[in-house]
Amino acid sequence: MKILIIGGGNMGLTYAQSFLNSHITTKENMMILEKSPEKAAQLAKKDIGTVYGEAKDCIKTADLVIFAVKPQDCEKLFADLKPYIDLQQVFLSIMAGVKISTITEVMGAKKVIRAMPNLPAQIGMGMTAFHSTDDVTRIELVMVQNLLATTGKTLYVENESSIDAVTAISGSGPAYVWYFMQSMTQAARDMGFTESEAELLVNQTFRGTINLHTKSNLSCDEWISRVASKGGTTEAALASFEKNELKEDIINGAKAALDRAIELGKK
Ligand SMILES: NC(=O)c1ccc[n+]([C@@H]2O[C@H](COP(=O)([O-])OP(=O)(O)OC[C@H]3O[C@@H](n4cnc5c(N)ncnc54)[C@H](OP(=O)(O)O)[C@@H]3O)[C@@H](O)[C@H]2O)c1
């Protein structure tokens, strides 16, 4: 199967390297289309496949085409590709906010998969949700799921609208986690620790907690009640969070991200 990745930026490169590292494909079967000559030259040096600068030189031989350009670049891209596409080709788009109907209507493609990855995909710890048109066969869908799984976990969603909710949870989620880490680091600095000491305390607390959580069958609630003994320090912090409605704030923040994803999707 020949794979063409369009856009050799952060995500395009992440996919190319993940596919090769997991041996799911070979560099002989990988093509990358990158419009920036500087980036194309850098990509060519990485020896991860054949690098092209023009769609017409590579699109026809591709079985799977991955759109990894910024959403604002898709209009021009679709216009360039339209004369060359074949209805048997599978198109996988990771462009935020670009609906499947846009791809089918503007390009005339039938087999379209829309996926929403997140940043940890860069280290194989990503979370990617995806949805497809009915024309994508079961075998093609499994094949694409296997490719996406080289960057982390995957989840098939029955409705495309769920992609907006995924954007609000796992897509934007890493920034919520960093926000919490940043707040705790600030608290540690306020208590007299140096920047590097504060970062060590916070980073290791997050790493350890996530690993512990992953290795156990306990829920967040169960873990919290184990840690927060009556009249203790953790309980004091949690009581302050509750009083200040921190949980509601986080939920409202995620809902604001969902509203924005829906709004951007309409443009
Ligand atoms: N980063 C994430 O964690 C994440 C998560 C979810 C979804 N996404 C989606 O992933 C997509 C790619 O993001 P990114 O961060 O990888 O972007 P990026 O680093 O800007 O990479 C996009 C690359 O595509 C090139 N390009 C633009 N139009 C092209 C065309 N017609 N043909 C060939 N190459 C073209 C750009 O070149 P120029 O620089 O010269 O324009 C750039 O090198 C976006 O749509 C984003 O919504 C990203």
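In this predicted model, helices α6 and α11 lie oblique to each other. That label follows from the geometry: the axes of α6 (residues 162–171) and α11 (residues 246–266) come within 8 Å and cross at roughly 135°, and angles over 145 would be needed to count as roughly antiparallel. As for handedness, the α6–α11 crossing is right-handed. On the α6 side, the contact is built from D164, A165, T167, A168 and I169, while α11 brings in A254, A257, L258, A261, I262 and G265. Sorted by class, the residues of this contact come out as eight nonpolar, two polar and one charged.

Zooming out, the domain assignment splits the protein into domain 1 (3–158) and domain 2 (173–266). Taken over C-alpha atoms, the centres of domain 1 and domain 2 sit 34 Å apart. Where the two domains touch, five residues of domain 1 are in contact with five residues of domain 2. The domain 1 side of that contact has two nonpolar residues, two polar ones and one charged.

Then there is the ligand. Around it are 27 residues, of which G7, G9, M11, S36 and A96 come nearest. By class, this shell breaks down into 13 nonpolar, eight polar and six charged residues. Two helices, α1 (10–21) and α3 (74–81), each chip in at least two residues of the shell, and α1 gives the most, with three.

Technical notes:
Residues are numbered from 1 along each chain as its sequence is written. This is a predicted model: local features need pLDDT of at least 70, side-chain atom pairs count only at pLDDT 80 or more; totals for chains, interfaces and linings use all residues. A residue is near a molecule or strand if its C-beta atom, placed from the backbone, lies within 6 Å of it. Helices (H or I, at least four residues) and strands (E, at least two) are DSSP runs, numbered from the N terminus. Ala, Val, Leu, Ile, Met, Phe, Trp, Tyr, Cys and Pro count as nonpolar, Asp, Glu, Lys and Arg as charged, and the others, Gly among them, as polar. Axes are lines fitted to C-alpha atoms, for helices over the stretch in contact, and angles run from 0 to 180 degrees between N-to-C directions. Angles under 35 degrees count as roughly parallel, over 145 as roughly antiparallel, 65 to 115 as roughly perpendicular and the rest as oblique. A crossing is left-handed if the near helix is turned anticlockwise from the far one by less than a right angle, and right-handed if clockwise. Two residues are in contact if their C-beta atoms, placed from the backbone, lie within 7 Å. Domain bounds come from an automatic or database domain assignment.
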